[in-house]
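I sat down with this one to see how the chain is put together, from overall fold to single residues. My notes are below, in the order I looked things up.

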Amino acid sequence: MRMNDERTTVVDRGRFPDAVTPWDDEEWRRDVLGWAEHVLAGRGLEETGAREVRVRPWSVLVRFRTGEGERDAVWLKAGAPSNAFEAGLSRALADWVPGHVMTPLAVDADRGVSLLPDGGPLFRGLVDAGEAGPEAWTLALGQYGGMQRRLVPYADRLAGLGVPRARTRDLPDAFDALVADNPFFDADERAALLRRRPRLVELCAELDAYGLPDSLDHCDLHDGQLLAPAPGRFTFFDWGDASVAHPFGSLLVPVRAVREAYGPEHVAPMVDAYLEHWTGLGPSPAELRRAARLAVRLAALGRAGTWFRLFPGTPLGSSHDASAYWVRELFAAEDLLEP
């Protein structure tokens, strides 16, 4: 059945009641939801409940119920212009690394819209229930590292899909822009940060010298971005913050999560499981660990930049605040890979 009645739609705006998104555009809703209805009908799927909409400054997510079970659902995702590449990326990843990602039911890359099946329970749910811990994180990071290694030959094609490039050698310029444009830095702090720029250049040069190839960096790989469809198996999703960059930067978010939740002694096994996939490229095991330390520190700049991938017109106060935090972490953070 078609459900065009607005009364059957539940909208969650979270802590962003004033977010400027296309959801508030009636023509956009009619166009995009009509496309989704057409895809569902073509697959013989009928809606069985209210549409659940999550509106955020960076995306619009619509859940279509297609049965009585919790997993009987299809998800529509529409990204902001700066992360609209995710739609085409999701289709390409399903071809290049099947089994590691969800296969979309349909994609409209021009509009930055995708329709995805339900991919199973969130890893976060297992963690919160005490059914998964650091050992599961180790297994997940091993699978993620293997996926990244397989994507190395596709780096240029990823960039061709619109995924932003963040080469290590370009990070000092990105740092300059992030520092200059952020009103949360006063003149003294801005000057202090810029005085440390030569150290940033040194770190980038050292990491580049290892000669490790770029790949797809998720850039925000927390427990809400992993699915656990079967015991011991993980799939990765929500690529709106992704970049074509040094792959080891992906370790930043999960390493922080594991240190805080379980203690630093659990970091080494997960990093080893991840780095196992990067042997045979020249650097020794010790050099790979050093490269991981450097990449994890430099990944703070990637996190600082992704906070601006928003729909046009969105107020930027929260983004500047979050971005400033990560710029400060670039120099203030401890060595997260140390036990």
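What follows runs from the whole chain to the cores, then to rings and a few odd backbone spots.

**Entry 1: the whole chain**

First reminder to myself: this is a predicted model. I counted secondary structure and got 12 helices and 11 strands in the protein chain. Next I checked the radius of gyration, which is 21 Å, close to the 20 Å that the globule rule gives for 339 residues, so the chain is as compact as a globular protein of that length. I also took the extent of the C-alpha trace along its principal axes, and that came to about 60 × 45 × 40 Å.

Then burial and surface. Of the 339 residues, 52% are buried. The chain exposes about 15,200 Å², and carbon and sulfur atoms supply 51% of that area. I looked at contacts too: among those between residues at least 6 apart in sequence, 72% join residues at least 24 apart.

**Entry 2: the cores**

Which residues touch the most other members of the largest nonpolar core? They are L93, F175, L216, W239 and F248, in a core of 71 residues. Helix α11, residues 285-306, gives the most to this core, with 11 residues. Apart from it I found another core, of 21 residues, with L33, A78, A80 and L115 among them.

I picked W239 for a closer look. Not counting residues up to four places away in sequence, W239 touches F85, E86, L89, L93, V101, Y144, M147, L216 and H218. Two of the names on that list, L93 and L216, I had already written down for the big core.

**Entry 3: helix α10 and Y274**

I went on to helix α10, residues 267-275, where V267, M270, V271, A273, Y274 and L275 are buried. What covers them? The cover for the buried residues of α10 includes α4 (134-151), α9 (252-262) and α11.

Y274 sits in this helix, and I wanted its burial figure. Its relative accessible area is 0%, so Y274 goes down as buried. Leaving aside neighbours within four places in sequence, Y274 is in contact with L141, G142, Y144, G145, Q148, P247, F248 and L251. I checked one of these partners by C-alpha distance: Y274 and L141 are 5.4 Å apart in space, yet 133 residues apart in sequence.

**Entry 4: aromatic pairs**

I tallied the ring pairs and got 10 aromatic pairs. One of them is F123 with F234, an edge-to-face pair at 5.4 Å centre to centre and 85° between the planes. Why does this pair tie together parts that are far along the chain, 111 residues apart in sequence? Because F123 lies in helix α3 (residues 123-128) while F234 lies in strand β10 (residues 233-236). The cut-off for buried is under 20% relative accessible area; F123 is at 0%, so it counts as buried, and F234, at 5%, counts as buried as well.

Another edge-to-face pair is F175 with F331, at 5.9 Å centre to centre and 90° between the planes. F175 belongs to helix α6 (residues 171-180) and F331 to helix α12 (residues 317-332), so this pair ties together parts 156 residues apart in sequence. Both F175 and F331 are buried.

I also noted a cluster, in which ring pairs link F123, W137 and F234. One charge turned up over a ring: the charged end of R29 sits over the ring of W23, 5.6 Å from its centre.

**Entry 5: positive phi**

Last, the backbone. Most residues other than glycine have a negative phi, so I wrote down two exceptions.

C219 is not a glycine, yet its phi is near 80°. C219 lies in the loop between β8 (215-217) and β9 (226-230). Is C219 buried or exposed? At 8% relative accessibility, C219 counts as buried.

D238 has a positive phi too, of about 65°, and is likewise not a glycine. Its place is the loop between β10 and β11 (243-245). With a relative accessible area of 23%, D238 is partly exposed.

Terms used. Residues numbered from 1 in each chain as written. Predicted model: local features only at pLDDT ≥ 70, side-chain atom pairs only at ≥ 80, totals over all residues. Heavy atoms only, no water. Phe/Tyr/Trp six-rings, centres within 6.5 Å; stacked < 30°, edge-to-face > 60°. Helix = DSSP H or I, 4+ residues; strand = E, 2+ residues; numbered from the N terminus. Buried < 20%, exposed > 50% of the residue type's maximum accessible area, 1.4 Å probe, protein only. Lys NZ or Arg CZ within 6 Å of the ring centre and 35° of its normal. Rg over C-alpha atoms; globule rule 2.2 N^0.38 Å. Contact = heavy atoms within 4.5 Å. Areas by Shrake-Rupley, 256 points an atom, 1.4 Å probe, with all protein chains shown as cover. Core = buried A, V, L, I, M, F, W, Y, C linked by side-chain atoms within 4.5 Å.
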